[in-house]
Amino acid sequence: MRTYVEFMSRSFRSHAIYRLQYFLGLFNSILTIFIGAAIWDAVYGGRQIFEGITREEMITYSVLGMIMRAMLSMNEFVIDHKVHTGEIAADLLRPVRFLDYIFSIVLGEVLYNIWTKVLPVLILAFLIFDLVVPEQTVFIVLFVVSLVLSYFVLYSFNLIVWLSAFWVHHTWSIVTIKNALILLLSGAVIPLWFMPDWMADILAWLPFKAIYFTPLSIYLGKATLHEIWSLYIGQVLWIAVLLTIGCLIWRKAQYKLVIQGG
């Protein structure tokens, strides 16, 4: 366990070295939330409520969604790089589990994002925008729990895509398509409330909404306590399914690597 904590710590420190990258990332996050809030403010126009969602709730949804995107951003090409440079061979010789090693690296990056981007941007957003705060503190706690689960859903889904590096020459195109699908179908940009009923019904059976829409709807109090438990179960089930698929692909990937090496 201590070994993986050290990997996570190194990942955190490696990102902290590049000060210019930090300030550019912070500026990008601040600019993004202002643009998102301005867009939804224009969409609402003079109306205070649309489809049962108030203007303040929608701006809160947009701002928190973009902050979540900054927090959950990951190095999409860590496995791709290791496969193409041959580092994967040395990694497999280490007395550590490769998938746990990758998780430690990615988690270190997420913790760096929380400390350097999320916290300052979140404080700034609450100072500038009239963001909705749940009347009951319990919904904030429930939101944080769902947010943690959403991270595992996203990571599990990403892992499946990243492992495709063992079969394709470059994963850039696959990763780009995957990110576009997540932005469109997870509610990160457009909430499922504003989507056609037939599309919302389809997305209810897919893992995407468990990444952004579920925690944000919990924060805004759009789900009852009974519904929240059902949403939690849905997130946990998707984590189990996606991780199982990822582990099966990883077994195939090791065999693929041995064949190439032979």
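How many helices and strands are there in the protein? The count comes to 11 helices and two strands. Keep in mind that what you have on screen is a predicted model. Going along the sequence, the order of elements reads α-α-β-β-α-α-α-α-α-α-α-α-α.

Now for the overall build. A compact globule with 262 residues would have a radius of gyration near 18 Å, and the protein comes in at 20 Å, which agrees. Here are the global numbers in one place:

| Property | Value |
|---|---|
| Radius of gyration of the protein | 20 Å |
| Box filled by the C-alpha atoms, along the principal axes | roughly 65 × 45 × 35 Å |
| Exposed area of the protein | about 14,200 Å² |

Carbon and sulfur atoms supply 69% of that exposed area. As for what is covered, 44% of the 262 residues count as buried. Contacts reach well along the chain, too: if you take those with a separation of 6 or more, residues 24 or more positions apart account for 79% of them.

One spot on the outside deserves a look. Phe 126, Val 133, Ile 140, Val 144, Val 148 and Phe 152 make a nonpolar surface patch of about 450 Å². Which helix gives the most to the nonpolar patch? That's helix H7, spanning residues 137-162, with four residues. Ile 140 sits in helix H7 and is one of the patch residues. Its relative accessible area is 31%, so Ile 140 counts as partly exposed, and that value just clears the over 30% cut-off for patch residues.

Technical notes. Residues are numbered from 1 along each chain as its sequence is written. This is a predicted model: local features need pLDDT of at least 70, side-chain atom pairs count only at pLDDT 80 or more; totals for chains, interfaces and linings use all residues. Side-chain values use heavy atoms; hydrogens and water are left out. Patches are made of residues with over 30% relative accessible area and no salt bridge: like charges are joined within 9 Å, nonpolar side chains (Val, Leu, Ile, Met, Phe, Trp, Tyr) within 5 Å. Accessible areas come from the Shrake-Rupley method with a 1.4 Å probe; for residues, only the protein chains shown count as cover. A salt bridge is a side-chain nitrogen of Lys or Arg within 4 Å of a carboxyl oxygen of Asp or Glu. Buried means under 20% relative accessible area, exposed over 50%, partly exposed in between (1.4 Å probe, protein chains only). The radius of gyration is taken over C-alpha atoms; the globule rule is 2.2 Å times the number of residues to the power 0.38. Contact means heavy atoms within 4.5 Å.
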